[in-house]
Amino acid sequence: MHLSGIYDYHSMEVHIMQKISIDSEKCVRCGICVNVCPVGIISPGEELMDIPYIPEEAAAFCNECGACISFCVKSCISSLFDTNYTSLDVLKNPDISGEQLGSYMVKRRSIRNYGNAAVSKEKIDLILDNVRYAPSGMNGQPVHWTIVHDTDVVKKLTSLTIDWMKEVLASEEPHPLKQFIPSLITAYESGIDPICRGAPHLAIAHAHKDNPMAYTDSIIALSWFELACPSYGLGACWAGFLNIAANSYQPIMDELDLPKGHAVQHAMMFGQPLYTIYKVPGRNPAKVSWK
Ligand SMILES: Cc1cc2nc3c(=O)[nH]c(=O)nc-3n(C[C@H](O)[C@H](O)[C@H](O)COP(=O)(O)O)c2cc1C
Ligand code: SF4
Ligand code: SF4
């Protein structure tokens, strides 16, 4: 398993296909594509001057997110899967117009590689001050935030999530994550953080567990948070594994120490992005029917 690999695709049965191609003339072997792939399927090759590649047995695990395409410093990765590239030029449009907002929105990417610098509490407050204007059902504004600013606590929450995964694995009960858990534990034990991706901070949206609007309102608020991050020089990513563990595992609930009756609605890692975005990957066309 290479540095960013978190899924052990060698042990899984797959169909063979290729997902990306890399222009070997332009590639400078920086290895960023290897580091940003969320499923860790891009191999750096054996030798220093090898061009990165996806081993055939791993290609089926590509989720077509286009992170490798976005972050390639030479824009020399092309997708071999069907894509619909945006026609927007993401570097144009000095003022906020529909076109500029569109450029900004489509340029958002999940960030899973972070610098070490802490984000100031003042900056986080500025973002949350905007996010409080996110819509909420009947303007109930039920969302509360726990910002995990202390990176040691982020690490502890990763460690507790791994503990929870070990319990899930040892249990006889079926669990939808069971097939992924062994690889995540192996990655963690080899020094990779597959849960919070080494992010310095977490934004956790929580609300009263009996509020029927709380989940939807929290997801909207977190989406606003993620979208606001790049304008403050930050990047974020949904912390799906942590979210599930935080709703299942008492030691995580104890660590978070939320107000009585509250439950985690969802969580997001964030910090200063390590890499720059150069391109916008493709997405499916909008599935629309007109009446
Ligand atoms: C509800 C939800 C949970 C997610 N959980 C994780 C996660 O635990 N780890 C991770 O690396 N990415 C996670 N993601 C990010 C998705 O993988 C990502 O949004 C998707 O691949 C598309 O890439 P993009 O966000 O760069 O456009 C999650 C996204 C959502 C919406
Ligand atoms: S990010 Fe681009 S330039 Fe760097 S190794 Fe990958 S393909 Fe080559
Ligand atoms: S498209 Fe996403 S999942 Fe597929 S190889 Fe690139 S970074 Fe990895």
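Modeller: Happy to walk you through this predicted model. One definition to begin: two strands pair if DSSP finds at least two bridges between them.

Colleague: Thanks! With that in mind, how many bridges join E3 to strand E4?

Modeller: Strand E4 covers residues 201-208, and E3 and E4 run antiparallel. Pairing needs at least two bridges. The number joining E3 to E4 is five.

Colleague: Which residue in E4 is the bridge partner of His144?

Modeller: Strand E3 spans 144-148, and E4 spans 201-208. The bridge partner of His144 in E4 is His206.

Colleague: Which strands are the edge strands of the open sheet?

Modeller: The sheet has four strands with antiparallel pairing, in the order E3-E4-E6-E5. An edge strand pairs on one side only. That description fits E3 (144-148) and E5 (235-238).

Colleague: And what does the twist average from one strand to the next?

Modeller: The strands to step through are, in order, E3-E4-E6-E5. From one strand to the next, the twist averages 30°.

Colleague: On to the ligands. Where does ligand 1 lie with respect to domain 1 and domain 2, and why?

Modeller: Its surroundings include Cys65 and Arg109, as well as Trp238 and Phe241. E5 and helix H8 (240-246) each supply at least two residues of this shell. Because domain 1 (1-110 + 277-291) and domain 2 (121-271) both give residues to the shell, ligand 1 lies between them.

Colleague: How many residues of the shell around ligand 1 are charged?

Modeller: Arg109 and Arg112 are among the residues around ligand 1. By class, the shell has seven nonpolar and three polar residues, and the charged ones number two.

Colleague: Which residues come nearest to ligand 2?

Modeller: There are 14 residues around ligand 2, and they divide into 11 nonpolar, one polar and two charged. Those that come nearest are Cys27, Cys30, Ile32, Cys33 and Cys72.

Colleague: Which residues come nearest to ligand 3?

Modeller: Here the shell has 15 residues, divided into 11 nonpolar, two polar and two charged. The ones that come nearest are Cys37, Cys62, Cys65, Ala67 and Cys68.

Colleague: One last check on confidence: over which residues is the pLDDT below 50?

Modeller: The mean pLDDT of the protein is 90, and 90% of its residues reach 70 or more. The stretch you ask about has seven contacts in the model beyond near neighbours in sequence. The pLDDT is below 50 over residues 10-16.

Conventions. Residues numbered from 1 in each chain as written. Chains lettered and ligands numbered in written order. Predicted model: local features only at pLDDT ≥ 70, side-chain atom pairs only at ≥ 80, totals over all residues. Axes fitted to C-alpha atoms, helices over the stretch in contact; angles between N-to-C directions. Near = placed C-beta within 6 Å. Nonpolar A, V, L, I, M, F, W, Y, C, P; charged D, E, K, R; others polar. pLDDT = per-residue confidence, 0-100. Contact = placed C-beta atoms within 7 Å. Domains from an automatic or database assignment.
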